[in-house]
Amino acid sequence: MVWTLAGYGERLGEVGGFVFHQFPTIERLARLSEQELREAGFGYRAKYVVGTAKILQAKPGGGEKWLASLRTRELPEVIEALCTLPGVGPKVAACVALFSLDQNHAIPIDTHVWKVATQYLMPELAGKSLTPKLSVAVADAFVAKFGSYAGWAQNVLFIGQLSAQKLMVAETTIVSTKPTKRKRSGNNFKT
């Protein structure tokens with residue numbers, strides 16, 4: 001989906017048969033229709049992409065400025081702010097905080113991270129169900145163990161837990177993706 005979304009941005013060039021684009025601006029994303037994104041394979045996420053882009057456009061100073069301002073805030077405030085956007089819950093907010101907003105200690109908690117946590121950090125919780133309260137405890141445990149880069153440590157452990165089969169499928173999908181021509185309203189490009 002990221003590769004598809006990038007296709008709406010300015011064309012940067014081609015390498016080895018792959019066409020690369022700059023990621024589209026918030027303004028460009030806001031001009032997309034939900035239907036267009038559904039047809040591109042975004043499913044239920046289409047309305048969230050369009051809705052979020054429009055909300056970001058309306059932020060004082062613009063969405064880029066608002067998002068950049070989150071880099072200087074404390075993690076709980078960042079998560080809370082991101083969760084005001086359509087379709088963004090604590091896990092997605094933590095992902096954005098970790099991968100885009102310099103919050104290196106953000107821990108996106110899902111069932112895979114829960115499995116890592118109960119295997120390596122909190123074995124006494126194995127067999128229990130993940131709850132919002134336990135999600136906080138897991139995040140705290142990662143930070144206690146790995147410090148200010150706990151989010152990245154969690155990511156390495158998460159990837160290590162993926163089965164070799166899942167990694168091979170993901171790698172094959174990425175490598176075997178061939179550029180195709182697609183026509184977009186007002187913007188023709190190859191992806």
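**Exercise 1.** In this predicted model, decide whether Gln-154 is buried or exposed, and list its contacts beyond the neighbours within four places in sequence.

*Solution.* Begin with the relative accessible area of Gln-154, which is 4%. Since buried means under 20% relative accessible area, Gln-154 is therefore classed as buried. Next, place the residue in its element: Gln-154 belongs to helix H10, which covers residues 150–161. Finally, with the neighbours within four places in sequence left aside, the residues in contact with Gln-154 are Leu-98, Ile-107, Pro-108, Val-113 and Phe-142.

**Exercise 2.** Describe how helix H8 and helix H9 pack, and state which residues make the contact.

*Solution.* Two packed helices are described by the angle between their axes and the distance between the axes. For H8 (residues 111–121) and H9 (residues 132–146), the angle is about 55° and the axes lie 11 Å apart, which means that H8 is oblique to H9. The crossing in which H8 passes H9 is left-handed. On the H8 side the contact is made by Val-113, Trp-114, Val-116, Ala-117 and Leu-121, while H9 contributes Leu-134, Val-138, Ala-141, Phe-142, Lys-145 and Phe-146. Sorted by class, this contact holds ten nonpolar residues, no polar residues and one charged residue.

**Exercise 3.** Determine how strands E1 and E2 run and how many bridges join them.

*Solution.* Strand E1 (residues 11–15) and strand E2 (residues 18–21) run antiparallel and are joined by four bridges. Taking one position, Glu-14 has Val-19 of E2 as its bridge partner. The two strands form a hairpin with two residues between them, and Gly-16 in the turn has a positive phi of about 55°.

Terms used:
Residues are numbered from 1 along each chain as its sequence is written. This is a predicted model: local features need pLDDT of at least 70, side-chain atom pairs count only at pLDDT 80 or more; totals for chains, interfaces and linings use all residues. Side-chain values use heavy atoms; hydrogens and water are left out. Axes are lines fitted to C-alpha atoms, for helices over the stretch in contact, and angles run from 0 to 180 degrees between N-to-C directions. Angles under 35 degrees count as roughly parallel, over 145 as roughly antiparallel, 65 to 115 as roughly perpendicular and the rest as oblique. A crossing is left-handed if the near helix is turned anticlockwise from the far one by less than a right angle, and right-handed if clockwise. Contact means heavy atoms within 4.5 Å. Ala, Val, Leu, Ile, Met, Phe, Trp, Tyr, Cys and Pro count as nonpolar, Asp, Glu, Lys and Arg as charged, and the others, Gly among them, as polar. Buried means under 20% relative accessible area, exposed over 50%, partly exposed in between (1.4 Å probe, protein chains only). Two strands pair if DSSP finds at least two bridges between them.
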